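Here is a friendly round of questions and answers to read beside the sequence and the 3D view. Keep both open as you go.

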Amino acid sequence: MFKILESLKIVSERIEKISTSLRNFSRSDSDLKMPADLHEGLDSTLMILQHRLKGNSDRPSIEVIINYGELPEINCYIGQMNQVFMNILANAIDALDEAIAQEKISDSILQIQITTEVDTEQWAVISIADNGMGIPESIQQRLFEPLFTTKPVGKGTGLGLSIAHQIVVQKHNGELLVNSQLGKGTEFIIKIPIMSATG
(Lines give C-alpha, C1' and ligand atoms only; values in the text may rest on other atoms or scores of the structure.)
Protein backbone atom coordinates (compact mmCIF):
# COMPACT_ATOMS: atom_id res chain seq x y z
CA MET A 1 0.00 0.00 0.00
CA PHE A 2 2.84 2.42 0.87
CA LYS A 3 4.52 1.79 -2.53
CA ILE A 4 1.28 2.58 -4.36
CA LEU A 5 0.85 5.83 -2.43
CA GLU A 6 4.50 6.76 -3.09
CA SER A 7 4.04 6.05 -6.82
CA LEU A 8 0.88 8.16 -6.91
CA LYS A 9 2.71 11.01 -5.20
CA ILE A 10 5.56 10.87 -7.76
CA VAL A 11 3.13 10.77 -10.69
CA SER A 12 1.06 13.67 -9.34
CA GLU A 13 4.23 15.76 -8.80
CA ARG A 14 5.31 15.03 -12.39
CA ILE A 15 1.88 16.01 -13.73
CA GLU A 16 2.01 19.23 -11.71
CA LYS A 17 5.47 20.08 -13.16
CA ILE A 18 4.31 19.42 -16.73
CA SER A 19 1.13 21.44 -16.15
CA THR A 20 3.13 24.37 -14.76
CA SER A 21 5.57 24.16 -17.67
CA LEU A 22 2.75 24.17 -20.23
CA ARG A 23 1.11 27.13 -18.49
CA ASN A 24 4.41 29.05 -18.44
CA PHE A 25 5.24 28.09 -22.02
CA SER A 26 1.91 29.08 -23.54
CA ARG A 27 1.41 32.27 -21.56
CA SER A 28 -0.74 34.42 -23.83
CA ASP A 29 0.87 37.64 -24.93
CA SER A 30 -0.81 41.00 -24.61
CA ASP A 31 0.01 43.95 -26.84
CA LEU A 32 2.64 45.00 -24.30
CA LYS A 33 5.97 43.46 -23.53
CA MET A 34 6.17 42.32 -19.93
CA PRO A 35 9.17 41.62 -17.65
CA ALA A 36 9.93 37.91 -17.80
CA ASP A 37 12.52 35.41 -16.60
CA LEU A 38 14.01 33.85 -19.75
CA HIS A 39 15.49 31.02 -17.67
CA GLU A 40 11.98 30.04 -16.62
CA GLY A 41 10.98 29.99 -20.30
CA LEU A 42 13.96 27.76 -21.17
CA ASP A 43 13.20 25.41 -18.26
CA SER A 44 9.53 25.12 -19.30
CA THR A 45 10.54 24.36 -22.88
CA LEU A 46 12.98 21.66 -21.75
CA MET A 47 10.27 20.09 -19.57
CA ILE A 48 7.90 19.93 -22.56
CA LEU A 49 10.67 18.38 -24.72
CA GLN A 50 11.74 15.91 -22.01
CA HIS A 51 10.27 12.91 -23.85
CA ARG A 52 12.38 13.71 -26.93
CA LEU A 53 15.59 13.98 -24.89
CA LYS A 54 15.22 10.48 -23.45
CA GLY A 55 17.07 7.57 -25.05
CA ASN A 56 15.27 5.10 -27.27
CA SER A 57 16.07 2.06 -29.41
CA ASP A 58 17.68 4.29 -32.07
CA ARG A 59 19.92 6.47 -29.91
CA PRO A 60 21.14 7.16 -26.36
CA SER A 61 19.63 9.95 -24.29
CA ILE A 62 20.64 13.53 -25.01
CA GLU A 63 22.50 15.26 -22.20
CA VAL A 64 21.51 18.89 -21.62
CA ILE A 65 24.22 21.04 -20.05
CA ILE A 66 22.91 24.26 -18.54
CA ASN A 67 25.18 27.21 -17.85
CA TYR A 68 22.86 29.98 -16.73
CA GLY A 69 24.48 33.32 -16.01
CA GLU A 70 22.89 36.29 -14.25
CA LEU A 71 20.12 37.61 -16.49
CA PRO A 72 17.77 40.40 -15.43
CA GLU A 73 14.09 40.08 -16.24
CA ILE A 74 13.67 41.06 -19.88
CA ASN A 75 10.69 43.01 -21.22
CA CYS A 76 9.49 40.73 -23.98
CA TYR A 77 6.61 38.76 -25.41
CA ILE A 78 7.48 35.69 -23.34
CA GLY A 79 5.10 33.34 -25.16
CA GLN A 80 6.81 34.21 -28.43
CA MET A 81 10.29 33.87 -26.91
CA ASN A 82 9.31 30.42 -25.63
CA GLN A 83 8.34 29.54 -29.21
CA VAL A 84 11.85 30.59 -30.32
CA PHE A 85 13.39 28.35 -27.65
CA MET A 86 11.11 25.47 -28.71
CA ASN A 87 11.98 25.79 -32.41
CA ILE A 88 15.74 25.95 -31.82
CA LEU A 89 15.85 23.17 -29.21
CA ALA A 90 13.64 20.89 -31.34
CA ASN A 91 15.98 21.51 -34.30
CA ALA A 92 18.99 20.60 -32.12
CA ILE A 93 17.31 17.32 -31.15
CA ASP A 94 16.48 16.64 -34.82
CA ALA A 95 20.12 17.33 -35.76
CA LEU A 96 21.37 14.81 -33.21
CA ASP A 97 18.80 12.23 -34.33
CA GLU A 98 19.93 12.72 -37.94
CA ALA A 99 23.61 12.47 -36.99
CA ILE A 100 22.99 9.12 -35.30
CA ALA A 101 20.83 7.87 -38.19
CA GLN A 102 23.58 8.69 -40.70
CA GLU A 103 26.32 7.43 -38.37
CA LYS A 104 28.11 10.73 -38.83
CA ILE A 105 28.67 11.62 -35.21
CA SER A 106 31.94 10.55 -33.68
CA ASP A 107 30.99 11.33 -30.08
CA SER A 108 28.72 8.75 -28.48
CA ILE A 109 27.65 11.39 -25.94
CA LEU A 110 24.90 13.50 -27.46
CA GLN A 111 24.80 16.97 -25.98
CA ILE A 112 22.89 20.22 -26.10
CA GLN A 113 24.47 23.08 -24.20
CA ILE A 114 22.49 26.15 -23.12
CA THR A 115 24.42 29.20 -21.94
CA THR A 116 23.08 32.59 -20.90
CA GLU A 117 24.86 35.82 -20.06
CA VAL A 118 24.74 39.58 -20.32
CA ASP A 119 27.44 40.86 -22.63
CA THR A 120 29.32 44.14 -22.31
CA GLU A 121 26.97 45.88 -24.74
CA GLN A 122 23.98 45.09 -22.51
CA TRP A 123 22.42 42.32 -24.53
CA ALA A 124 20.84 39.25 -22.96
CA VAL A 125 22.59 36.44 -24.85
CA ILE A 126 21.23 32.89 -25.04
CA SER A 127 23.35 30.26 -26.77
CA ILE A 128 21.92 26.86 -27.71
CA ALA A 129 24.55 24.49 -29.14
CA ASP A 130 24.52 20.84 -30.19
CA ASN A 131 27.38 18.46 -31.03
CA GLY A 132 25.72 17.10 -34.18
CA MET A 133 26.99 17.02 -37.78
CA GLY A 134 26.98 20.78 -38.31
CA ILE A 135 25.62 22.71 -41.27
CA PRO A 136 27.57 23.45 -44.49
CA GLU A 137 28.56 27.11 -44.79
CA SER A 138 26.75 27.42 -48.14
CA ILE A 139 23.45 26.54 -46.43
CA GLN A 140 23.89 28.64 -43.27
CA GLN A 141 22.97 31.86 -45.11
CA ARG A 142 19.56 30.40 -46.04
CA LEU A 143 18.53 28.94 -42.68
CA PHE A 144 16.15 31.79 -41.81
CA GLU A 145 14.40 31.87 -45.20
CA PRO A 146 10.71 30.85 -45.08
CA LEU A 147 10.11 27.29 -46.34
CA PHE A 148 13.84 26.46 -46.51
CA THR A 149 14.72 23.26 -44.67
CA THR A 150 17.76 21.01 -44.37
CA LYS A 151 15.60 18.11 -43.19
CA PRO A 152 14.57 15.13 -45.32
CA VAL A 153 11.27 15.37 -47.23
CA GLY A 154 8.33 15.11 -44.86
CA LYS A 155 10.35 15.90 -41.72
CA GLY A 156 10.43 19.69 -41.72
CA THR A 157 8.27 22.59 -42.85
CA GLY A 158 11.03 25.17 -43.16
CA LEU A 159 9.08 27.57 -40.96
CA GLY A 160 10.56 27.09 -37.45
CA LEU A 161 13.76 29.09 -37.86
CA SER A 162 12.08 31.67 -40.08
CA ILE A 163 9.46 32.32 -37.38
CA ALA A 164 12.16 32.37 -34.68
CA HIS A 165 14.15 34.95 -36.68
CA GLN A 166 11.07 37.12 -37.17
CA ILE A 167 10.23 37.05 -33.44
CA VAL A 168 13.78 37.86 -32.31
CA VAL A 169 14.63 40.49 -34.95
CA GLN A 170 11.34 42.19 -35.75
CA LYS A 171 9.43 41.85 -32.47
CA HIS A 172 12.36 42.28 -30.05
CA ASN A 173 14.94 44.32 -32.00
CA GLY A 174 17.40 41.51 -31.39
CA GLU A 175 19.67 39.25 -33.38
CA LEU A 176 19.57 35.55 -34.21
CA LEU A 177 22.93 34.21 -35.35
CA VAL A 178 24.27 30.80 -36.30
CA ASN A 179 27.77 29.34 -35.95
CA SER A 180 28.38 25.89 -37.33
CA GLN A 181 31.27 23.64 -38.27
CA LEU A 182 30.89 20.39 -40.14
CA GLY A 183 31.55 17.48 -37.83
CA LYS A 184 31.52 19.69 -34.74
CA GLY A 185 27.95 20.89 -34.31
CA THR A 186 25.81 24.01 -34.50
CA GLU A 187 25.24 26.95 -32.18
CA PHE A 188 22.35 29.40 -32.36
CA ILE A 189 22.83 32.69 -30.52
CA ILE A 190 19.82 34.77 -29.50
CA LYS A 191 20.58 38.36 -28.52
CA ILE A 192 17.90 40.56 -26.97
CA PRO A 193 18.73 44.18 -26.05
CA ILE A 194 18.14 44.79 -22.35
CA MET A 195 17.68 48.56 -22.41
CA SER A 196 15.59 48.89 -25.58
CA ALA A 197 13.42 45.87 -24.81
CA THR A 198 11.03 48.08 -22.83
CA GLY A 199 8.65 49.14 -25.61
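Q: Which residues in α2 meet I78, N82, F85, M86 and L89 in α4?
A: A word on the source before we start: this is a predicted model. Contact here means heavy atoms within 4.5 Å. The residues of this contact divide into eight nonpolar, three polar and no charged. On the α2 side, the ones that meet α4 are L38, G41, L42, T45, L46 and I48.

Q: How are α2 and α4 set to each other: roughly parallel, roughly perpendicular or oblique?
A: Two packed helices are described by the angle between their axes and the distance between the axes. For α2 (residues 38-48) and α4 (residues 78-101), the axes come within 9 Å and cross at roughly 50°. The crossing is right-handed. That angle lies outside the ranges for roughly parallel, under 35 degrees, and roughly perpendicular, 65 to 115, and therefore α2 and α4 are oblique.

Q: Is the crossing of α4 and α6 left-handed or right-handed?
A: The axes of α4 and α6 (residues 160-171) come within 9 Å and cross at roughly 145°. In α4, the residues that meet α6 include Q80, V84 and N91, and the α6 side includes L161, A164 and K171. By class, this contact has eight nonpolar, five polar and one charged residues. As for its hand, the crossing of α4 and α6 is left-handed.

Q: How far apart are the end C-alpha atoms of α4?
A: α4 has 24 residues, and at 1.5 Å a residue it should span 34 Å. The expected span agrees with the model, because the end C-alpha atoms of α4 are 34 Å apart.

Q: Which residue just after α4 takes a positive phi?
A: Look at the stretch that follows α4, where one residue has a phi of about 55°. That residue is E103.

Q: Which strands stand at the edges of the sheet?
A: Five strands form an open sheet with mixed pairing, in the order β2-β4-β5-β7-β6. Neighbouring strands are turned by 15° against each other on average, direction ignored. Two strands each have a single partner, so one side of each is left without a neighbour in the sheet. These edge strands are β2 (62-67) and β6 (175-181).

Q: Which strands does α4 lie across?
A: Both α2 and α4 can be placed against the sheet. α2 lies across β2, β4 and β5, running at about 165° to β4. α4 runs at about 150° to β4, and the strands α4 lies across are β2, β4, β5, β6 and β7 (185-193).

Q: Which residue in the turn between β4 and β5 has a positive phi?
A: Strands of a sheet pair through backbone hydrogen bonds, either parallel or antiparallel. β4 (residues 110-118) and β5 (residues 123-130) run antiparallel, joined by seven bridges, whereas β2 and β4 pair in the parallel sense over six. β4 and β5 form a hairpin with four residues between them, and the turn residue with a positive phi, about 65°, is Q122.

Q: What is the separation of the C-alpha atoms of A129 and A92?
A: A129 is in strand β5, where Q113 stands opposite A129; Q113 is also the bridge partner of I65. Leaving aside neighbours within four places in sequence, the contacts of A129 include Q111, T186 and E187. A92 is 37 residues from A129 along the chain, yet their C-alpha atoms are separated by 7.4 Å.

Key
Residues numbered from 1 in each chain as written. Predicted model: local features only at pLDDT ≥ 70, side-chain atom pairs only at ≥ 80, totals over all residues. Heavy atoms only, no water. Axes fitted to C-alpha atoms, helices over the stretch in contact; angles between N-to-C directions. Parallel < 35°, antiparallel > 145°, perpendicular 65-115°, else oblique. Left-handed = near helix turned anticlockwise from the far one by under 90°. Nonpolar A, V, L, I, M, F, W, Y, C, P; charged D, E, K, R; others polar. Pairing = 2+ DSSP bridges. Expected span 1.5 Å × (residues − 1).
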